[in-house]
Amino acid sequence: MLPGNKRIKEAGVSELIPTAAIRDLKGLSGQTVRLQGWLHGKRAGGKVVFLVVRDGTGLCQCVVEAAAVDAFAKAADLPQESSLIITGTVRAEDRAPGGAELAVQALDILQASKEYPITRKAHGIDFLMDHRHLWLRSQRPVAILRIRHTLIRAIRDFFDTNGFTLVDMPILVPGAGEDRQSLFPVDYFGEKLFLTQTGQLYLESACMALGKVYCFGPTFRAEKSKTRRHLTEFWMVEPEIAFAELEDVMALAEDMIVAIVTAVLERNRADLEFLGRDTAALARIVKPFPRLTYTEVGDLLRGPTMRQKLEQELEQEKTRLQTLSTELNAAEGALKAATKARQQELAEAHVRELRETIQELEQEIRVRPDHLALAQSFAWGEDLGGSDETIVSRQFTQPVFVTEYPREAKAFYMKVSPKDPKVVRNFDLLAPEGYGEIIGGSQREENPDTIEESMKAKGLRPEDYSWYLDLRRYGSVPHGGFGLGVERTLTWLCGLKHVRETIAFPRTLGRVYP
Ligand code: 4AD
Ligand code: MG
């Protein structure tokens, strides 16, 4: 039993009062219930105090009238984020966030919070990230974490209902699964091991055992990239299927994307709207997704139409910058004129938000010429860069498959195309609206000699992968799979600017605290 329940009992409130979650209140109109939560915000108005309480399932306005003498006295100067148990009667209220509010009878304070660092004032991203352990309680992280949960659940449901077996893969591994440069070394009792970059190589053995398998776990890349797309620790789901070619793997990816978008729209529409996500853009996602080869994308990047489009986009951005600057002037004026504390807080938040947006847009405008130059000089043979992916995926409202990259730009395990040995049978799936790669996948090379040759070309020693080559010696079959990055996918689904907000405690080049 919670200590609060005991204290409530001592205060004379019946033990029999049921505890309710805020999300369920609407259906409990007229009933007396107990809420367990934290004080999110507060307003006082003479003979009444409004406590906005959060419990992880929603927000509820709790009305404390002067007549509830004891509760009213306690509510008056209760600090933000104090932990509480509140007893009261549920009242239907259309204007309230969840359609109901609580008329408070008793208020039990488990702990009166000290000065909570995250106030209603506007805070910068570094401050918020330094306080990530507390920031998680705010509405924005809560909405994102709820969508993350739906995404992971939808992915598992998809594979579980389509005949796949989940097999967990090791995290400590002796060698590279992708490139050697991005390995994190670990001292393993004097031996050098690494944190896994992908479960794929091991998963291929499980695939030969079970046919259709997937793994879902944390993966690590020591990438010294300070971009809005890179984490050093991220979660990846990887399916692998036997007796499959590239087209089968792509069809699987397509079905999975449609399934997860559908699930998120179905279960988290309110969260998406809270984040300001254009849900119509997600509702438009239907298969089949466009399919382009790498070579076609190269032509597109270098082409005159793309130059025109990019120049147009730049003009639009400049116009938008002007509009925002005018808005900022007005907002700064409003801030100066604000007299009440709440007015000031709101005006300050608005000014900060506008300044941040303007900064980002200015940065975008600054790098535009470079991105255009990179696109125009794109040479066959290199991997698509981050800016190339942005440029290409901005032209689409659907996710786009880009297939058959140059062999030298991709991993050693990808199947060399029988039609054109310069390219491999692989694909990247680029999320639309400029989000870029969220999936990388391929058919796998079956010929052990070809694999050895590719390994050597990439500085890997075939003898370290003897076990992997065994898979090509004993009953090899055409097979393939892909890896979807949870955080990148979530950045797109939620319409965020940066991947760092999609995981509770992000690990990036510049941050491992808290
Ligand atoms: O394209 P990648 O490197 O593919 C693989 O690892 C394959 N072994 C997968 C397979 O075929 N089984 O990574 C897959 C996905 C990327 O498309 C991206 O979504 C995500 O993992 N990803 C990252 N996400 C965040 N931060 C990073 N540094 C990431 N690197 C890859
Ligand atoms: Mg990739």
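This is a guided tour of the structure above, arranged as a series of selections to make in the viewer.

**The whole chain**

Begin with the entire protein chain in a cartoon view, and keep in mind throughout that this is a predicted model. The secondary structure of the chain comes to 15 helices and 16 strands, and its C-alpha atoms fill a box of roughly 85 × 55 × 45 Å when the box is taken along the principal axes. Of the 514 residues in the chain, 49% count as buried.

**Ligand 1 and its shell**

Next, select ligand 1 and display the residues around it, of which there are 23, with Glu178, Gln200, Glu223, Glu238 and Glu437 coming nearest. In character, the residues of this shell divide into 7 nonpolar, 8 polar and 8 charged.

Three polar contacts can be picked out one after another. Start at Gln200, where an N or O atom of the side chain is 2.7 Å from a nitrogen atom of ligand 1. Move then to Arg221, where an N or O atom of the side chain is 2.9 Å from an oxygen atom of the ligand. Finish at Gly440, which takes part through its backbone, a polar atom there being 3.4 Å from an oxygen atom of ligand 1.

If you now switch on a surface, you will be looking at a ligand with 630 Å² of accessible area on its own, 94% of which the protein covers. To see where the shell comes from, colour strand S11 (233-242), strand S15 (436-443) and strand S16 (479-485), the elements that each give two or more residues to it. Among these, S15 gives the most, with 5 residues.

**Phe189 and a nonpolar patch**

Now select Leu172, Tyr188 and Phe189, which together make a nonpolar surface patch of about 360 Å². Centre the view on Phe189, whose place is in the loop between strand S8 (184-188) and strand S9 (191-195). Phe189 counts as exposed because its relative accessible area is 76%, a value over the 50% cut-off for that class. The backbone deserves a look as well, since most residues other than glycine have a negative phi. Phi of Phe189, by contrast, is near 50°, a positive value.

**Glu404, a second positive phi**

Go on to Glu404, where phi is near 55°, again a positive value in a residue other than glycine. Glu404 lies in the loop between strand S13 (400-403) and strand S14 (426-431), and with a relative accessible area of 21% it is partly exposed.

**Two cis peptide bonds**

Most peptide bonds are trans. To inspect a cis bond, select Lys287 and Pro288, which are joined by one with omega about 0°; Pro288 lies in the loop between helix H8 (279-283) and strand S12 (291-293). Then select Tyr513 and Pro514, where a cis peptide bond has omega about -5°, and where Pro514 belongs to the segment after helix H15 (486-494).

**Salt bridges**

Side chains of opposite charge can pair when their charged atoms come close. The structure holds 33 salt bridges, and a few of them make good stops.

Select Arg140 and Glu501, whose side chains meet in a salt bridge at 2.7 Å, N to O. Arg140 lies in helix H5 (residues 139-160) and Glu501 in the segment after H15, so this pair ties together parts that are 361 residues apart in sequence. Arg140 is partly exposed, with a relative accessible area of 31%, whereas Glu501, at 10%, counts as buried.

For a pairing within one element, select Asp299 and Arg302, which form a salt bridge with their closest N and O atoms 2.9 Å apart. Both residues lie in helix H9 (residues 294-302), 3 residues apart, or about one turn of the helix. Asp299 is partly exposed at 46% relative accessible area, and Arg302 counts as partly exposed at 29%.

Continue to Asp383 and Lys410, whose side chains meet in a salt bridge at 3.6 Å, N to O. This pair links distant parts of the chain, with Asp383 in the loop between helix H11 (341-376) and helix H12 (386-394) and Lys410 in the loop between S13 and S14, 27 residues apart. Asp383 counts as partly exposed at 33% relative accessibility, while Lys410 is buried, with a relative accessible area of 13%.

As a last selection, show Glu313, Glu317, Glu364, Arg368 and Arg394 together, which are joined into one network by salt bridges that share partners.

Conventions:
Residues are numbered from 1 along each chain as its sequence is written. Chains are lettered from A and ligands numbered from 1 in the order in which they are written. This is a predicted model: local features need pLDDT of at least 70, side-chain atom pairs count only at pLDDT 80 or more; totals for chains, interfaces and linings use all residues. Side-chain values use heavy atoms; hydrogens and water are left out. Patches are made of residues with over 30% relative accessible area and no salt bridge: like charges are joined within 9 Å, nonpolar side chains (Val, Leu, Ile, Met, Phe, Trp, Tyr) within 5 Å. Accessible areas come from the Shrake-Rupley method with a 1.4 Å probe; for residues, only the protein chains shown count as cover. A salt bridge is a side-chain nitrogen of Lys or Arg within 4 Å of a carboxyl oxygen of Asp or Glu. Helices (H or I, at least four residues) and strands (E, at least two) are DSSP runs, numbered from the N terminus. Buried means under 20% relative accessible area, exposed over 50%, partly exposed in between (1.4 Å probe, protein chains only). A residue is near a molecule or strand if one of its heavy atoms lies within 4 Å of it. A polar contact is a pair of N or O atoms within 3.5 Å; within protein, one must be able to donate a hydrogen and the other to accept it, and residues adjacent in sequence count only if both atoms are side-chain atoms. Ala, Val, Leu, Ile, Met, Phe, Trp, Tyr, Cys and Pro count as nonpolar, Asp, Glu, Lys and Arg as charged, and the others, Gly among them, as polar.
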